[in-house]
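Work through the exercises below with the sequence and the model side by side, and try each task before reading its solution.

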Amino acid sequence: MAELMNWDWSKNDLSSLTESLAAVLLEEWGGPRSPLALKYINETIIPDLVYCFCNNTDLLTNSTFAEIIQWKLKNQFANPSAVVVDLAKDLLKPAQRIINRPQITDPKEPWRRIFRLWIGEESLPNIAEKTGYPLDYLDLLVLRLKKLKAFTANTRASLLECQQNTELREFGFEQLSFLYQFQTSVAGEPLYKERLILEQVIWDLGMPLLVPDLVNLLELIHTHEGELDENSLSSSMSEVAGIWGSGIGASVGDRRGNLFSCVIDGLISLHYIQKNKAGKLTLSEKSAQTIAGYLLPKLGEQLKRAISIGDYELASRILLSQNEAVLLHLIDWTLRELNQEQTFEALSGIYKKVSRRVDLYLLKVFANFPIAFDLLMKCLSDNDSLVRARACESLGQIGDKAAVFSLIQLLRDPVVGVKEMAAQALGEMAAVPAVKELVRVAEDYGESINVRERARGAVRKIESLNLDKVKLTESP
């Protein structure tokens with residue numbers, strides 16, 4: 001079990017809680033006395049409950065948290081249904097007495113914490129480990145969200161209409177209304193997912209921050225990616241609004257300076273920012289993915305201004321100055337906001353200038369632009385087999401049959417993945433001249449199963465689109 005991270009509990013508190021829980025289970029409720037049962041209670045049930053209480057110190061009087069403890073007692077520890085309500089109440093009393101912390105009584109709060117982790121792509125076992133909640137309870141909650149999503153997918157049903165559905169009504173109004181609001185916000189509220197992820201980061205840090213404070217910090221690190229160390233970043237943050245306001249770090253004893261250092265150390269420990277070999281701060285992949293949505297409006301305007309005056313060199317510099325993960329989001333933005341000619345002109349200028357990952361992403365994007373044909377044709381002879389394969393795929397989507405001869409040649413490429421994509425592209429182009437070579441590949445048992453299957457699929461597609469021409473081609 002993970003190490004307890006809640007510093008509101010002293011060692012004496014933990015010892016007192018452990019003893020109190022043992023008294024409830026073994027004395028007040030007359031628990032079993034066999035050595036095996038006592039060992040299970042003392043080594044499994046009590047430590048599990050202590051861990052759960054310690055990780056939810058502000059929920060000890062919360063009605064939903066009480067239901068979670070009931071679920072734990074019934075499904076995880078096999079207590080009879082008839083006793084779990086009162087037993088949970090008696091087990092929570094010592095924790096409520098020992099810890100003196102303001103309580104959150106909103107019944108939706110435990111669900112918020114679960115889905116804040118879940119939307120950040122934590123697995124359910126990891127969420128169970130972090131919260132102390134039963135895994136089957138989490139499974140049920142996510143299953144209910146999926147049922148609600150399926151019900152509202154086509155109908156756009158209101159909450160009232162959802163409540164009238166027999167199956168959904170079984171969730172209870174509090175849980176149904178929470179899941180409905182969550183699903184609606186995920187689908188329609190800009191940056192809702194990113195905000196929840198940042199809220200979870202702040203929760204993990206245990207610092208008195210707001211989401212805008214964290215956004216400001218991460219944005220500054222991104223703007224000066226790999227240029228600032230902790231001290232120079234502290235000086236730069238003195239000009240930023242919010243909790244980092246003027247004078248941060250002005251003296252060793254400055255409270256905000258200490259807070260800043262703790263936040264930086266915490267973000268590094270969470271792998272949310274990192275230091276390069278020179279000791280300069282950079283965003284991690286995870287933080288860059290999260291912060292990208294907050295950066296796009298400003299970066300997009302910069303890019304639009306550069307393109308509006310025809311300065312594609314400046315546009316390239318703007319693109320190349322981005323963190324790699326942010327750049328991928330900015331590439332997607334250009335597809336949505338710029339016309340084809342502008343987008344291709346801007347993006348082709350950074351091809352082969354960032355990384356293999358970005359190059360492969362660009363080749364996928366170029367499938368949207370017929371004007372990328374010449375560039376993609378050159379990529380068919382690249383030394384990198386993934387580049388050749390991606391170029392085949394994009395040419396197939398463009399559909400220009402001037403590429404057919406080159407793609408036929410790539411059916412003899414030494415790399416399986418390239419041959420697969422070449423066969424697929426020829427099928428998408430309905431390339432009748434390729435049928436003979438595709439049939440050869442499909443019948444060659446020296447080829448991999450995947451290559452033969454792609455070739456057969458391409459032949460079937462060509463035949464379905466060009467039946468008469470294929471017959472003429474195959475006639476002696």
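The exercises that follow concern a helix, a nonpolar core, an aromatic pair and two loop residues.

The model is predicted, so local features need pLDDT of at least 70 and side-chain atom pairs count only at pLDDT 80 or more, while totals for chains, interfaces and linings use all residues. Residues are numbered from 1 along each chain as its sequence is written, and side-chain values use heavy atoms, with hydrogens and water left out.

**Exercise 1.** Compare the expected span of helix α2 with the distance between its end C-alpha atoms, and find where α2 bends.

Solution. Helices are DSSP runs (H or I, at least four residues), numbered from the N terminus. The expected span is 1.5 Å times one less than the number of residues, so for the 20 residues of α2 (residues 35-54) it should be 28 Å, and the 27 Å between the end C-alpha atoms agrees with this. Next, take the bend at a residue as the angle between axes fitted to the seven residues ending there and the seven starting there; α2 bends by about 35° at Ile-41. Ile-41 is also one of the buried residues of α2, a list that includes Ile-45, Asp-48 and Phe-53, where buried means under 20% relative accessible area, exposed over 50% and partly exposed in between (1.4 Å probe, protein chains only).

**Exercise 2.** Identify the residues that touch the most other members of the largest nonpolar core.

Solution. A nonpolar core is a set of buried Ala, Val, Leu, Ile, Met, Phe, Trp, Tyr and Cys residues joined through side-chain atoms within 4.5 Å. Among the 150 residues of the largest one, the answer is Phe-53, Leu-233, Phe-366 and Leu-438. Its largest share, nine residues, comes from helix α15 (residues 285-308).

**Exercise 3.** Classify the aromatic pair of Phe-344 and Phe-366 and locate both residues.

Solution. Rings of Phe, Tyr and Trp (its six-membered ring) pair if their centres lie within 6.5 Å, and planes under 30 degrees apart count as stacked, over 60 as edge-to-face and the rest as tilted. With 5.3 Å centre to centre and 70° between the planes, this pair is edge-to-face. Phe-344 lies in helix α18 (residues 340-348), whereas Phe-366 lies in the loop between α19 (356-365) and α20 (373-379), 22 residues apart. Phe-344 is buried at 13% relative accessible area, and Phe-366 is buried at 0%.

**Exercise 4.** Decide whether Leu-191 and Ala-430 are buried or partly exposed.

Solution. Leu-191, in the loop between α10 (173-188) and α11 (192-205), has a positive phi of about 60° and is partly exposed at 28% relative accessibility. Ala-430, in the loop between α23 (416-428) and α24 (435-442), has a positive phi near 55°, but Ala-430 is buried at 9%.

Note on methods. Helices (H or I, at least four residues) and strands (E, at least two) are DSSP runs, numbered from the N terminus.
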